[in-house]
Amino acid sequence: MSEQGRRAAGVVILGAGQAGFQVAASLREAGFADPITLVGDEGLPYQRPPLSKAYLAGKTDAAGLSLRPATFFAEHRITHRPHVTATAIAREARRVALSDGTDLAYDHLVLATGARNRALPVPGASLAGVHQLRSLTDADALKAALAGARAIAIVGAGFIGLEFAGICAGRGLPVTVVEAADRPMARAVSAEMAGFFTRAHTDAGIRFAFGAGVQAVEGEAGRAVAVRLGDGSAIAADLVLVGIGVVPNQELAEAAGLAVGDGIHTDAFLATSDPAVSALGDCARVPSRFLEGSPVRIESVQNAVDQGRCLAARLTGRPTAYAAVPWFWSDQGPHKLQIAGLAQPGDASVARASETGLSVFRYRQGQLAAVESVDRPADHMAARRILGLGLALAPEQAADPHYDLKALVKGA
């Protein structure tokens, strides 16, 4: 990337989460020699998924979340700029202005700006006792509030909300989950899988209010005491967790004139409309072979890591279109949900149940599109291979509990 007669500015990465970190690490692993600068608004890069799982459950501490110790960055000549954000991109000059008043030159700019939690747009949403969960700071505040909580309301029955509900139920705390849809995880899983988790959580003592909108969070002396629903009823709660999705951090890219729309638009090689700028991770909208080439924005560790490796390969002269199999997981109480592939609302479902769990195979136009598994890790691992290799699996084979998925993969 260096130009003769001047010192290389190298790669500047905006965002020090999983995606940004992975680009930096993979570039060095691939032998990239020019400068790398990693800019982030927090401290050392860390894992976010355990925040709603092991961290809140007390099974790991902040040190256990770190992706690498501080020595890693010095040893690999990665300049880490913590507690600072980018405020503007000057694309013609190839410079980025930072919130501390400095700026950085770049040969190539990587946007790994992630996403932020969607705010609850009702009166009382800013009362003390109302929490969100995205960062380590959020998790620490939530952990402290949980220690003294008497009644809990969770707005949103997505992964984060249900993971937290499982932790609360495990502590014997009364918890109610409020969800606008008619079932949990409505956008993420099939009706069959949603039914499994509705029953499992209900059996654990978690209450659900489906088809319910939130009118307001009510408070006394500046603190939340209840969540008022659209039908006028109220749920007592001195701790409220809001988990109603995220919004991609695309404003910086938009102000710089890059194409955006529910994420920063890229091609299959993670390049934006400016060849000197790439985007990846939660903030990027990328064409997917698992959606017939349609663009999609995926929020997962797997996506961030695999896109980081893909981008590093392109920047070091080994371009390959991004084609990794998407996969996700969620630990909810004693159950582990794992998903491979990308399902759509209209996809058909074929269930394979057993005493140990459930797998739901999703089909689109007769082709396997995704597999949802709970407490069936072997099915999940086989599904990732089947989808990655594009193997044919007929619906009747998927429904047959005696059909050997491993044998199908081994025979490929």
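Which element supplies the largest share of the lining of the second largest pocket? In this predicted model, that element is β26, from which three lining residues come. Strand β26 spans residues 367-374, and helix α9 covers residues 377-389; each of these two elements supplies at least two residues of the lining. The second largest pocket holds about 340 Å³ of space. Its lining comprises 16 residues, and those nearest the centre of the pocket are Gln-367, Leu-368, Ala-369, Leu-387 and Gly-390. By class, nine of the lining residues are nonpolar, four are polar and three are charged.

Enclosed space was examined as well. One cavity of 30 Å³ or more is found in a search of the whole structure. The largest cavity contains about 100 Å³ of space. A set of 15 residues lines the largest cavity, with Pro-287, Ser-288, Val-296, Ile-298 and Tyr-322 nearest its centre. Two elements, β20 and α8 (301-315), give two or more residues to this lining. Of the elements, β20 gives the most, namely three residues. The lining of the largest cavity divides into ten nonpolar, three polar and two charged residues.

Strand β20 also belongs to a sheet. The sheet is open and consists of three strands in the order β18-β20-β21, and its pairing is mixed. Strands β18 (264-265) and β21 (295-296) form the edges, each pairing on one side only. Between β20 (residues 284-287) and β21 the pairing is antiparallel, over two bridges. Within this pair, Val-286 has Val-296 of β21 as its bridge partner. Val-296 is also among the residues nearest the centre of the largest cavity, as is Pro-287. Strands of a sheet pair through backbone hydrogen bonds, in either a parallel or an antiparallel sense.

A further set of paired strands involves β4, β5 and β6. Strand β4 (residues 86-90) runs antiparallel to β5, and four bridges join the two. Ile-89 is placed opposite Val-96 of β5. The two strands form a hairpin with four residues between them, and in the turn Arg-94 has a positive phi of about 55°. Strand β5 is likewise antiparallel to β6 (residues 103-105), to which three bridges join it. In this pairing Val-96 stands opposite Leu-104 of β6. The hairpin of β5 and β6 has four residues between the strands, and Gly-101 takes a positive phi near 90° there. Val-96 therefore faces Ile-89 in one pairing and Leu-104 in the other. In a regular strand the side chains alternate between the two faces of the sheet. Along β5 (residues 95-98), Val-96 and Leu-98 point to one face and are buried, whereas Arg-95 and Ala-97 point to the other face and are not buried.

The surroundings of a single residue, Ser-52, were also examined. Ser-52 is located in the loop between β2 (36-39) and α2 (62-65). Its relative accessibility is 2%, so Ser-52 counts as buried. Apart from neighbours within four places in sequence, Ser-52 is in contact with Leu-133, Ile-160, Glu-163, Phe-164 and Ile-167. With Glu-163 there is a polar contact between the two side chains, at 2.5 Å. The side chain of Ser-52 also reaches the backbone oxygen of Pro-49, at 3.4 Å. Between Ser-52 and Leu-162 the C-alpha to C-alpha distance is 9.4 Å, with a separation of 110 residues in sequence.

Key:
Residues numbered from 1 in each chain as written. Predicted model: local features only at pLDDT ≥ 70, side-chain atom pairs only at ≥ 80, totals over all residues. Heavy atoms only, no water. Buried < 20%, exposed > 50% of the residue type's maximum accessible area, 1.4 Å probe, protein only. Contact = heavy atoms within 4.5 Å. Polar contact = N/O pair within 3.5 Å; in protein donor to acceptor, adjacent residues only side chain to side chain. Pairing = 2+ DSSP bridges. 1 Å grid on protein atoms, 1.4 Å probe; cavity = no way out; pocket = protein on both sides within 12 Å on 5 of 7 lines; lining within 4 Å. Points joined across faces, edges and corners; volume = space filled by probe spheres on them. Nonpolar A, V, L, I, M, F, W, Y, C, P; charged D, E, K, R; others polar.
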